[in-house]
Amino acid sequence: MNENKVKNEKRKRKIEEGIAIFVFLLPGLLLFVGILIAPIAVSVYRSMYDWNGFSEGTFIGFSNYIELFTNGSIKFVNSLKNSLILAFFSVFVQLPLALGLALLLGRREGRKERAFLSIFFMPVLISTVVIGQLWLKIYNPDYGLLNRFLDAVNLGNLKHVWVGDVKTALGSIIVPTVWQYVGYHMLLMYAGVKGVDIDLREAAMLDGATKWQVDRYVVIPIIKPILRVSVIFAVTGSLKTYDLVRILTEGGPFQSTEVPSTLLENMLFLRNRYGMGSTISVMLIILCFAFALLITAAFREKDE
């Protein structure tokens with residue numbers, strides 16, 4: 001009898017604990033569903049319709065998805081290619097710069113270290129609108145700093161209408177994007193570098209390793225989880241990029257700098273194709289999720 005009573009009390013306690021956990025998790029769960037899951041579900045639903053945003057839509061199944069990749073006038077594939085080019089430079093230029101700065105600053109102590117951290121992180125704190133306007137002034141063909149600099153070093157023949165030429169417009173977006181977020185990734189990596197046990201560094205140096213060898217064989221392997229997060233952020237951020245493209249080129253000239261987010265805006269507000277706009281948003285979600293899984297799997301294979 002006593003054993004049954006104890007079992008019943010344990011079962012009752014577990015049920016009460018489960019109810020308490022559910023009650024405390026419910027507000028967060030409702031918020032998560034309302035802000036994230038519900039909008040995604042609505043977008044998936046709307047992507048199945050030919051809808052102009054006002055009149056009643058017509059159910060067309062997966063026709064929008066097929067058209068997205070087969071209709072050359074939409075140029076979704078071209079916009080995706082531009083985002084992948086931006087992702088390439090983010091991963092192979094921006095992140096190595098951030099890692100190098102994090103490793104260098106991780107060796108310093110005191111006020112100089114904090115001063116450099118503040119300086120490199122400053123672009124992240126500035127509004128993207130402000131940064132876009134700043135770089136528009138730098139690229140200005142008449143009085144821009146870039147063309148004036150080329151004049152000053154006797155390279156006036158290289159002067160250009162940077163954001164107005166199909167050949168240079170995308171590069172004109174890549175440069176400020178890389179510059180703006182180097183500090184963000186640097187801070188993430190710097191936190192990991194400073195968290196490495198000093199005893200490991202000293203042991204490696206006692207064995208004859210140089211500072212760069214310590215960084216390569218001790219520090220970098222330890223901060224791999226942070227590097228993985230930075231790569232995921234860099235790639236998915238490139239796929240979702242919008243503001244700098246909108247400010248600098250508006251997707252032009254001739255859609256040469258179009259990215260999925262600006263194409264989405266174009267579909268919604270210029271062409272009144274809300275069904276197609278929803279299709280693009282769903283594809284962005286799928287691509288970001290897929291790349292995140294691929295990057296995680298790649299890092300896991302390297303660890304093994």
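**Exercise 1. In which loop does N272 lie, and what is notable about its phi angle?**

Solution. N272 sits in the loop between α12 and α13. This is a predicted model, and in it the phi of N272 is near 55°. That value is positive, and N272 is a residue other than glycine.

**Exercise 2. Describe the backbone at P253 and at Q255 in the loop between α11 and α12.**

Solution. Step 1: place the residues. P253 belongs to the loop between α11 (243-248) and α12, and Q255 is found in the loop between α11 and α12.
Step 2: look at the peptide bond. From G252 to P253 the bond is cis, with omega near -5°.
Step 3: look at phi. Q255 has a phi near 60°, which is positive in a residue other than glycine.

**Exercise 3. How many salt bridges does a search of the whole structure find, and what does the one between E67 and R273 tie together?**

Solution. Step 1: recall the principle. Side chains of opposite charge can pair when their charged atoms come close.
Step 2: count. The search of the whole structure gives 5 salt bridges.
Step 3: check one pair. The side chains of E67 and R273 meet at 3.0 Å, N to O, and the cut-off is 4 Å.
Step 4: place the partners. E67 is in helix α2 (residues 63-70), while R273 is in the loop between α12 (260-270) and α13 (274-303), so the salt bridge ties together parts 206 residues apart in sequence.

**Exercise 4. Compare the expected span of α3 with the distance between its end C-alpha atoms, and find where α3 bends.**

Solution. Step 1: take the expected span. With 30 residues at 1.5 Å a residue, α3 should span 44 Å.
Step 2: compare. The end C-alpha atoms of α3 are 41 Å apart, which agrees.
Step 3: locate the bend. α3 bends by about 35° at S90.

**Exercise 5. Describe how α7 packs with α3 and how it crosses α5.**

Solution. Step 1: recall what is needed. Two packed helices are described by the angle between their axes and the distance between the axes.
Step 2: treat α3. Helix α3 (residues 76-105) packs with helix α7 (residues 169-194) at an angle of about 40°, and the axes are 7 Å apart. The two helices are therefore oblique to each other. The crossing of α3 with α7 is right-handed.
Step 3: sort the contact of α3 with α7 by class. There are 21 nonpolar and 4 polar residues, and no charged ones.
Step 4: treat α5. Helix α5 (residues 128-139) and α7 cross at roughly 130°, and their axes come within 11 Å. α5 is therefore oblique to α7. α5 also passes α7 in a right-handed crossing.

Note on methods. Residues are numbered from 1 along each chain as its sequence is written. This is a predicted model: local features need pLDDT of at least 70, side-chain atom pairs count only at pLDDT 80 or more; totals for chains, interfaces and linings use all residues. Side-chain values use heavy atoms; hydrogens and water are left out. Axes are lines fitted to C-alpha atoms, for helices over the stretch in contact, and angles run from 0 to 180 degrees between N-to-C directions. Helices (H or I, at least four residues) and strands (E, at least two) are DSSP runs, numbered from the N terminus. Angles under 35 degrees count as roughly parallel, over 145 as roughly antiparallel, 65 to 115 as roughly perpendicular and the rest as oblique. A crossing is left-handed if the near helix is turned anticlockwise from the far one by less than a right angle, and right-handed if clockwise. Ala, Val, Leu, Ile, Met, Phe, Trp, Tyr, Cys and Pro count as nonpolar, Asp, Glu, Lys and Arg as charged, and the others, Gly among them, as polar. The expected span of a helix is 1.5 Å times one less than its number of residues. The bend at a residue is the angle between axes fitted to the seven residues ending there and the seven starting there.
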